[in-house]
Amino acid sequence: MKKKIKVVAGVIENDQGEILCALRSPKMSISNHWEFPGGKVEADEDVFTALKREIEEEFKCKIETFDIHNENIHEYETFIIHLIAIKAKIIEGNPVPVEHSKFIWLKKENLNSLVWAPADIPAVKLLMNEK
Ligand SMILES: Nc1nc2c([nH]c(=O)n2[C@H]2C[C@H](O)[C@@H](COP(=O)(O)OP(=O)(O)OP(=O)(O)O)O2)c(=O)[nH]1
């Protein structure tokens, strides 16, 4: 049976209405795909705490979290992901990518110009329909 993992991902919006998009590095799984930064939820951790921790670890900045944007269950070849996308904004520091190849801020209407991790597509589509 495939392993099921629970992953949180931050839909981080700036004051210009742009979204932080992060490029997974060649060393990471699902390499060279774009994603909303985040990571696996640890046992006994709530999703908001997990996201704040992951963003501090991976981008060295602090976020405030808002509502859940979208949840998606996607079956990859080797595992099943339960992806929980959460709206957020940066409240302290500037993002510095520790593990990712790079990040960009992109307007919602341009999000489909990137090659996203397959599990992220529903969240991306939903965002593109937002004003
Ligand atoms: N952080 C994040 N991960 C995503 C997204 N979409 C998606 O399919 N994933 C996948 C990629 C990874 O397989 C998994 C998240 O794990 P992770 O961020 O801890 O990264 P990882 O696999 O490199 O960690 P590791 O097991 O190699 O140590 O979820 C997304 O939007 N954000």
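The end C-alpha atoms of residues 3–128 lie 31 Å apart in this predicted model. Strand makes up 44% of the span, and helix makes up 17%. UniProt lists residues 3–128 as "domain: Nudix hydrolase". That listing comes from an unreviewed entry.

The ligand is surrounded by 16 residues. A9, E35, G39, A117 and A119 are the closest of them. By class, the shell around the ligand holds 10 nonpolar, 3 polar and 3 charged residues. Several strands contribute to this shell. At least two residues each come from strand 1 (3–12), strand 4 (38–40) and strand 6 (79–92). Strand 4 gives the most, with 3 residues.

The strand pairing was examined next. Three strands form an open sheet of 3 strands in the order 3-2-7. Pairing in this sheet is antiparallel. Strand 3 (34–35) and strand 7 (102–107) are the edge strands. Each of these two pairs on one side only. Strand 2 covers residues 18–23 and runs antiparallel to strand 3. The two strands are joined by 2 bridges. Across this pairing, A22 stands opposite E35 in strand 3. E35 also appears among the closest residues around the ligand. One residue of strand 3 is thus placed both opposite A22 and in the shell around the ligand.

Two residues in loops have an unusual backbone angle for their type. N32 is not a glycine, yet its phi is positive, at about 60 degrees. N32 sits in the loop between strand 2 and strand 3. This loop therefore links the two strands that carry A22 and E35. How exposed or buried is N32? There are 11 other C-beta atoms within 10 Å of N32. A residue counts as exposed if that number is 12 or fewer, so N32 is exposed.

D44 is the second case. Its phi is also positive, at about 65 degrees, and D44 is not a glycine either. D44 lies in the loop between strand 4 and helix 1 (47–59). Strand 4, at one end of this loop, is the strand that gives the most residues to the shell around the ligand. D44 has 6 C-beta neighbours inside 10 Å. Because the cut-off for exposed is 12 or fewer, D44 counts as exposed.

Notes. Residues are numbered from 1 along each chain as its sequence is written. This is a predicted model: local features need pLDDT of at least 70, side-chain atom pairs count only at pLDDT 80 or more; totals for chains, interfaces and linings use all residues. UniProt positions are given in the numbering used here, feature names are shortened, and annotations may be inferred rather than shown by experiment. Helices (H or I, at least four residues) and strands (E, at least two) are DSSP runs, numbered from the N terminus. A residue is near a molecule or strand if its C-beta atom, placed from the backbone, lies within 6 Å of it. Ala, Val, Leu, Ile, Met, Phe, Trp, Tyr, Cys and Pro count as nonpolar, Asp, Glu, Lys and Arg as charged, and the others, Gly among them, as polar. Two strands pair if DSSP finds at least two bridges between them. A residue is buried if 20 or more other C-beta atoms lie within 10 Å of its own, exposed if 12 or fewer, and partly exposed in between; C-beta atoms are placed from the backbone.
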